[in-house]
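Dear colleague,

I am handing over the structure we spoke about, and below it you will find my notes on what turned up when I went through it. Please read them with the model open beside you.

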Amino acid sequence: MRFVFDVESNGLHGQGFAVGWVVVDHGEVVSSGFLRCPIEGDVNPWVSENVIPKLEDENCKTSLELRKNFWGAWMLAKKDDATAWADCAFPVETNFLAACVADSPEHRQWYAPYPLHE
């Protein structure tokens with residue numbers, strides 16, 4: 001089973017403000033999700049013009065809530081032995097995962113996606 005995810009951030013090294021994922025088992029979609037929160041601070045002009053107009057509405061109030069909900073989805077997939085996959089994972093997805101772990105290192109450090117496949 002594969003947990004494939006993509007993060008949108010406010011610039012290459014900015015805050016992750018949207019994440020989508022799909023869980024696939026032998027070519028069949030098992031589950032999927034999308035989360036988005038407001039961007040904190042100034043919005044990168046390229047992101048404002050090219051990314052935000054294509055996204056669904058915000059469904060999380062904060063980036064912390066977004067990361068918490070994403071982590072819950074990852075834990076459900078991991079429980080079923082899913083592996084994590086991202087396309088071109090550095091820097092956006094890896095920074096987002098590091099922020100997820102930093103939110104609760106004592107509970108998350110051993111559960112982060114490893115290895116992270118591309």
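**R36 and its surroundings**

R36 has its place in strand β3. Please keep in mind throughout that this is a predicted model. With a relative accessibility of 10%, R36 counts as buried, because buried means under 20% relative accessible area. Leaving aside residues up to four places away in sequence, R36 touches F17, A18, I52, L55, E56, D57, E58, N59, C60 and L66. One of these, E56, offers its backbone oxygen, which the side chain of R36 reaches at 2.7 Å. D6 lies 30 residues from R36 along the chain, and the C-alpha atoms of the two are separated by 12 Å.

**The sheet**

The strand that carries R36 belongs to an open sheet of five strands, arranged in the order β3-β2-β1-β4-β5 and with mixed pairing. β3 (28-36) and β5 (116-117) each have a single partner strand and stand at the edges, so one side of each is left without a neighbour in the sheet. In general, the strands of a sheet pair through backbone hydrogen bonds, in either the parallel or the antiparallel sense.

Going inwards from β3, its pairing with β2 (residues 16-25) is antiparallel and runs over eight bridges; along it, W21 stands opposite G33 and V23 stands opposite S31. These two strands form a hairpin with two residues between them, and in the turn H26 has a positive phi of about 50°.

β2 is also joined to β1 by eight bridges, again with the strands running antiparallel, and here V4 stands opposite V22. The hairpin of β1 and β2 has six residues between the strands, and G11 takes a positive phi near 90° in it. The pairing of β1 with β4, by contrast, is parallel and consists of three bridges, with R2 opposite T83.

**Helices across the sheet**

Helix α2 (residues 63-79) lies across β1 (2-9), β2, β3 and β4 (83-85), and runs at about 10° to β2. Helix α3 (residues 92-103) lies across β1, β2 and β5, and its direction is at about 95° to β1.

**The two faces of β1 and the aromatic cluster**

Which residues of β1 lie on its covered face, and which on its uncovered one? The covered face has F3, F5, V7 and S9, whereas the uncovered face has R2, V4, D6 and E8. On the covered face, both F3 and F5 are buried.

The structure holds seven aromatic pairs. F3 and F5 form one that is tilted, with 6.1 Å from centre to centre and 40° between the planes. Ring pairs also link these two residues with W21, F70, W74 and F96 into a cluster. W21 thus appears twice in these notes, as a member of that cluster and as the residue opposite G33 in β3.

R2, from the uncovered face of β1, has a ring of its own to report: its charged end sits over the ring of W85, 3.8 Å from the centre of that ring.

If you look at the model in this order, I would begin with R36 and its contact to the backbone oxygen of E56, then follow the strands from β3 through β2 and β1 to β4 and β5, and end at the cluster that includes F3 and F5.

With best wishes

How values were computed. Residues are numbered from 1 along each chain as its sequence is written. This is a predicted model: local features need pLDDT of at least 70, side-chain atom pairs count only at pLDDT 80 or more; totals for chains, interfaces and linings use all residues. Side-chain values use heavy atoms; hydrogens and water are left out. Rings of Phe, Tyr and Trp (its six-membered ring) pair if their centres lie within 6.5 Å; planes under 30 degrees apart count as stacked, over 60 as edge-to-face and the rest as tilted. Buried means under 20% relative accessible area, exposed over 50%, partly exposed in between (1.4 Å probe, protein chains only). A charge sits over a ring if NZ of Lys or CZ of Arg is within 6 Å of the ring centre and within 35 degrees of the ring normal. Two strands pair if DSSP finds at least two bridges between them. Helices (H or I, at least four residues) and strands (E, at least two) are DSSP runs, numbered from the N terminus. Contact means heavy atoms within 4.5 Å. Axes are lines fitted to C-alpha atoms, for helices over the stretch in contact, and angles run from 0 to 180 degrees between N-to-C directions. A polar contact is a pair of N or O atoms within 3.5 Å; within protein, one must be able to donate a hydrogen and the other to accept it, and residues adjacent in sequence count only if both atoms are side-chain atoms.
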